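Q: Please take me through one part of this model closely: the empty spaces inside it and what surrounds them. I would like the picture to build up step by step, with each term explained as you go.

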Amino acid sequence: MTSTLPVPPTVSPAGPAPAAPPPADRPRSRWPGFVRGRADDAPWIRPCLLALLLLTGVLYIWGLGASGWGNAFYSAAVQAGSESWKAFFYGSSDAANSITVDKTPGALWIMALSVRIFGLSSWSILVPQALMGVATVGLLFTTVRRWYGPAAGLLAGALSALTPVAVLMFRFNNPDALLVLLMVAGAYAIVRAIDNGSTRWLALAGVFVGFGFLTKMLQALLVVPAYALAYLFAGPPKLGRRIWQLLLAGLAVVVSAGWYIAIVELVPASMRPYIGGSQHNSLWELTLGYNGLGRLSGDETGSVGGGGGGAGGGMWGAAGPLRMFDTSQGGQVSWLLPAALILLVAGLVLTLRAARTDRLRAGLILWGSWLVITTAVFSFMQGIFHAYYTVALAPAIGAVVGMGSVLLWRRRRNAFAALTLAATIAVSAWWSFHLLGRSAGFLPWLRWTVLVAGIVAALAVLASLRLPTRVAVATAGLALAVVLAGPAAYAVQTAATPHTGSIPSAGPASQGGGFGGRGGPGGGPGGWPGGGRGQRWTFPGDGAGAPGGGFPGGGAQPGGTTGTAPGGTAPGGTAPGGTAPGGTAPGGGTGRGGMGGLLDAAAVSDRMKSLLAADADRYTWVAAAVGSQNASGYQLATGDPVMPIGGFSGSDPSPTLAQFQQYVADGKIHYFIGGGNGGFGGRGGPGSGGSNDSSQISEWVTATFTSQTVDSVTVYDLTAH
């Protein structure tokens, strides 16, 4: 028998050969990870988030160009900032830097940079606003998810995205879009600070507030108490350190906003534009007066028609605890406000015995304080108030409803939680039924569908105590459809409607009262708060007045509809001013522009453009016109600087009569435009206490120069004597 032994491997004298290197990994695409999300996420989370962001983008961007310049007051400043870095820094209304807008310019900076990159168009101005809306929804999801999970985050984001006023403002070029994004960013920073007691995150929250101030001044501070309460209550460090950290965060607010105030105040007035909205060329005055504390007290020198938001109502409606639910504001933002308040109380009750640092209660404190404080300020402020301000409530409502719904749903086997959820659904369905009834001609079938489905969903939630999980999930889906149906319908209608002018409104026309452009929320098309129809209201320079509420230069409410004044007439009947020398104010004529060009830009004909374009390079300003909106229409049409006499409302002393006469003597202004839209042209409206320099300039021009009429617009050649 023979055996075969294994042959040992041959070994090289140099030693064993090195092992072959493993095959190089092929580069992996990041797209699967992007779609799939985090490794520990359920498979449905990231696709749902991407769908939410995509649909939000479509809702906010689709057909955006139909709104043209949106608010031409800001579009003109964006155009000026895209041509002059000085105008960019100060937020000047014109590239020749005669006067600024009546806000700090943070929001203008982003739009002006977009115009510098992509050229001047409605898309380059409005698309950045829409993208801010998408970013707000994504950041809100991230913030709420951190403590309450992805379902609450998705619900919060969807509710905020579909709030009608949010759809309006993220498709518009007012500063509110950037302001809301910065406030949500600040809330995210507070959440991160509470997670680990980080001073850096607290300071970053302060920076976001500071830049919010540079966007829309004191309104950015409304969320500061909510930030402070949440961290003071739930921050991990000991009390003394928490207080010290909050003081440092306050310092971050001061530094991030104060650098700009310091520069503007320290630069000599002769080297910068006049600060619009102030009577003494001061950013401090603008901050604390007309655009700040004056909004709370109603003492706003130079404002549009003064304050008057007391119990009896005024130009801006009646102040009081139910203001957010009235006809002007209800359809804009209040669809889920009752639900948010119910869920906030219920959530605090359920977390009452939790530890001080409990994250669930901290979230309710953060977003609930934002909601309650901002609602209270908006409800009781006596000065200028517009319905679109309520966009600042949309993230808080979405967050509280998202968090509260998930918190109660997880405890639905508890009778208190189930009863509260059912009551919330029923109340939301009833309130949607009521709001939809204010626009009786808009989808009349929807209100009854929502009401019936809401009752069914509420009963089903009660029954879910004993139902299988799948049936319970179907019940939750029905409840979600009920609460979203009304605001979603208004949101789509808002996105499908072009919006222009200074006071846009979301949703279809409503019955009752309301400022409303384009027949927005108010009693009939363009109705004013509390006013009857067909009344007459006159302001300086309007002469005998115009049916439906005339302002200087005639014209209708924003969007070309007629409106009525509060109570039917202005205080004291006809406002002082009557007619200007010569029988008509320089604003007489036809032309477009809400409130005589105060709230909407002038429509400029081709003949008028050709007239202004002639020899435009020889002049610093091709024309001057009373009121920034009036001037903005001509500036955007020609691309050349047009001086807005008196700023937004025509009540700022910029320029004075002596300054204007010197400009004319130096050959810096070619034309004075009087026809079609005269702005207030007087004392900033009854009781505003503003300057009357614009009236003096108008009177001097009409007495000194010969007029000509170009397509119903009265024009004075200031170079011809």
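A: Helices (H or I, at least four residues) and strands (E, at least two) are DSSP runs, numbered from the N terminus. This is a predicted model, in which local features need pLDDT of at least 70 and side-chain atom pairs pLDDT 80 or more, while totals for chains, interfaces and linings use all residues. Residues are numbered from 1 along each chain as its sequence is written, and side-chain values use heavy atoms, leaving out hydrogens and water.

Let's set the scene with the whole chain. Its secondary structure comes to 26 helices and five strands. Of the 721 residues in the chain, 59% are buried (under 20% relative accessible area; exposed is over 50%, partly exposed in between, with a 1.4 Å probe and protein chains only). Among contacts (heavy atoms within 4.5 Å) with a separation of 6 or more, 70% are between residues 24 or more positions apart.

Now to the empty spaces. On a 1 Å grid over the protein atoms alone, a cavity is a set of points where a 1.4 Å probe fits but cannot get out, a pocket is an open set with protein on both sides within 12 Å along at least five of seven lines, and lining residues have an atom within 4 Å of a point. Points are joined across faces, edges and corners, and a volume is the space filled by probe spheres set on them.

The largest pocket has a volume of about 930 Å³. Its lining has 36 residues, and those closest to the centre are Ala151, Leu155, Ala476, Leu480 and Leu484. Two or more lining residues come from each of these helices: α2 (45–61), α7 (150–161), α16 (337–350), α18 (394–410), α19 (415–437) and α21 (469–495). By residue type, the lining of this pocket is made up of 29 nonpolar, six polar and one charged (Ala, Val, Leu, Ile, Met, Phe, Trp, Tyr, Cys and Pro count as nonpolar, Asp, Glu, Lys and Arg as charged, and the others, Gly among them, as polar).

One of the helices on that list, α16, is worth a pause. Its buried residues are Leu337, Pro338, Ala339, Ala340, Leu343, Leu344, Ala346 and Gly347. The cover over these buried residues includes α17, α18 and α19, and of these, α18 and α19 are also on the list of helices that line the largest pocket. α17 spans residues 359–380 and is itself mostly covered, with 16 of its 22 residues buried.

Just past α19 you can look at the loop between α19 and α20 (444–463), where Leu443 sits. Leu443 is not a glycine, yet its phi is positive, near 45°. Leu443 counts as partly exposed because its relative accessibility is 31%.

Next come the enclosed spaces. The structure holds nine cavities of 30 Å³ or more. The largest cavity encloses about 220 Å³ of space. It is lined by 21 residues, and Asp102, Lys103, His386, Tyr388 and Phe648 are the closest to its centre. That lining divides into twelve nonpolar, four polar and five charged residues.

The second largest cavity has a volume of about 110 Å³. Here 13 residues form the lining, with Leu159, Thr163, Val333, Leu336 and Ile397 nearest the centre. α7, α18 and α21 each supply at least two lining residues to this cavity, and these three helices are on the list for the largest pocket too. α18 contributes the most to the second largest cavity, with three residues. Its lining has ten nonpolar residues, three polar and no charged.

To finish, here are a few places to inspect elsewhere in the chain. In helix α6 (residues 122–148) you will find Thr136, which counts as buried because its relative accessibility is 1%. Beyond neighbours within four places in sequence, Thr136 is in contact with Phe170, Val180, Leu181 and Val184.

The peptide bond that joins Ser654 and Pro655 is cis, with omega about -5°. Pro655 lies in the loop between β2 (642–645) and α25 (657–665).

Asp711 has a positive phi of about 50° although it is not a glycine. You can find Asp711 in the loop between β4 (707–710) and β5 (713–717). With a relative accessible area of 35%, Asp711 is partly exposed.

Conventions. The expected span of a helix is 1.5 Å times one less than its number of residues.
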